[in-house]
Amino acid sequence: MTSRVNSGSFRDPSGFLFWQDGSLYRQVNTTYRDNYEHLMKSGLYEALTTDGLLIPHEEVDIEFPQPDLASNVIRPELIPFISYPYEWCFSQLKDAALTTLRIQKICLDFGMSLKDCSAYNIQFRKGRPVLIDTLSFEKYHEGQPWVAYRQFCQHFLAPLALTSYRDTRLNQLLRIYIDGIPLDLASSLLPFHTYLIFSLLSHIHLHARSQKRFASKTVDTTRYEVSRLSFLGIVDSLESAIRKQKWQPHSMEWADYYQDTNYSSDAFVHKKQIVAEFIDKIDPGSIWDLGANVGVFSRIASDKGIPTVSFDIDSAAVENSYLECVRREETNILPLVLDLTNPSPGIGWGNEERLSLAERGPTDCVLALALVHHLVVSNNVPFNRIAEFLGDICRSLIIEFVPKSDSQVQRLLATREDIFPDYTQQCFENEFKKYFRIESSAGIRDSQRTLYLMRKR
Amino acid sequence: MPFHPYYYGLTPPAYIDPGTGSLMIQVLIAVLIGGLVSAKIFWGRIKTFFKGLFSRRSKQIKDDD
């Protein structure tokens, strides 16, 4: 029996996550025992798990991986796909922020407080945000300030304000700064008129100034107290600040895609039918839909009860898809922002605190519909590199080939020289056959396109 | 002088650095917000007092009629 400590679980001395025999466990250390018992006995755990705000767990009796530190071991419910804040759309980050603050308010009713506020502690479970770190709670003592205040501002308020007042692409700064966007950077990027908004003036601009002012000073911070009333006031103020952040996508690269395609409604219906048949044949346990747009084809899978991650490069499309997911109370689909030509890398300590996309795979099945021509023609990625990458991340593949004669490919070629003599259906099949076995193929009615079902060799 | 256990090591120390600047601004915001909340509560009490006073008076006038 071997256990392996989770590569991203080492900062908090309260405990750590580890894998053993294919299951994920969390060791609770003796230094955290009091807080853990308070969480469980005060009714806070029950209140949070009943509301779906905290990941449920069960206490298990197994050998401790680090017995000299151990108090007990718990087995949390497993999240099907771990996603990161730089892969979330605006409303996902906003919902994660509001969930964090809601938890903090409930905590105070039970005499506890959140001791960290990392956005990485929030995951999407059955379509809704949930706190996955069971050891994030500490007993609250009247007068203590909120130790996670800085972290909340950096992980949530700063990126949301930057999207709201500047550009949603600035959310990608979270990929560079693992502990949230530095507030001096956020302050310098936000427009001047945000100084006139009290919440942003205080929680970002003045906060950044204060950090700079006290950066090299020694101050006896124990002299300062924050009353319970003021503590709650700060949480309320942050909540109001988060609620005021709005993002209305202006330029929708792909969000209007289905209104702008060249195939008929008959072809569209036929394509959906073939995809559904192929999915039934594979009967996968999980699906990644690459280039999913607003998730029309992802929903064929998720509506069948298959956990589906619906990736697209366009934040507006992902935003629409997520809002649809919330509106329909969908539990099996997770829309995420991903640039497939530069997918999420491993980041943090040793490049392994947050996993790369490939490390979070392989998935049972990948959908790559109307995708390959974009990768080849717009990004100069050869067929063999695409086939190799897809072979690394899935066991089965449903892929669409769009020939050069198709008006969508012609449109991509309209502004550039055609340097793709090998962009033919024959070359496509030859390259993919090196990594996959073609099990089935079907032409889409009323179009020149072909859908393939392939199995990994 | 504060007396809660936070300052005397009776609870485990925070594993993340709250940052001195962040703590100082938090205290400042807390004072402002605490003041505003107290003022709001106080104003609410004044309003309730006068409302009660006027409703008693109007009731008395009605009774006199």
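In which sense do β2(A) and strand β3 (residues 23-29) of chain A pair, and over how many bridges? Select these two strands in what is a predicted model, and you will find that β2(A) and β3(A) run in the antiparallel sense, joined over six bridges. To anchor the view, pick Trp19(A), whose bridge partner in β3(A) is Leu24(A). Then move to the turn of this hairpin, where two residues lie between the strands and where Asp21(A) takes a positive phi near 50°.

Next, add strand β1 (residues 3-5) of chain A, which pairs with strand β2 (residues 15-20) of chain A, again in the antiparallel sense, over three bridges. Here Val5(A) is the residue to select, together with its bridge partner in β2(A), Phe18(A).

Now turn to the largest nonpolar core, a set of 124 residues in which Leu157(A), Ile204(A) and Ala368(A) have the most contacts. Colouring helix α4 (residues 149-165) of chain A shows the element that gives the most to this core, with nine residues. Centre on Leu157(A) and, leaving aside residues up to four places away in sequence, display what Leu157(A) touches: Phe152(A), His203(A), Ile204(A), Leu238(A), Ala241(A) and Ile242(A). Apart from the largest core lies another, of five residues, among them Phe16(A), Leu17(A), Phe18(A) and Tyr25(A), so selecting Phe18(A) once more brings back the bridge partner of Val5(A).

Finally, show both chains and select the contacts between them, where 25 residues of chain B meet 41 residues of chain A. Coloured by class, the side of chain B that touches chain A presents 17 nonpolar and eight polar residues, with no charged residues.

Terms used
Residues are numbered from 1 along each chain as its sequence is written. Chains are lettered from A and ligands numbered from 1 in the order in which they are written. This is a predicted model: local features need pLDDT of at least 70, side-chain atom pairs count only at pLDDT 80 or more; totals for chains, interfaces and linings use all residues. Two strands pair if DSSP finds at least two bridges between them. Helices (H or I, at least four residues) and strands (E, at least two) are DSSP runs, numbered from the N terminus. A nonpolar core is a set of buried Ala, Val, Leu, Ile, Met, Phe, Trp, Tyr and Cys residues joined through C-beta atoms within 7 Å. A residue is buried if 20 or more other C-beta atoms lie within 10 Å of its own, exposed if 12 or fewer, and partly exposed in between; C-beta atoms are placed from the backbone. Two residues are in contact if their C-beta atoms, placed from the backbone, lie within 7 Å. Ala, Val, Leu, Ile, Met, Phe, Trp, Tyr, Cys and Pro count as nonpolar, Asp, Glu, Lys and Arg as charged, and the others, Gly among them, as polar.
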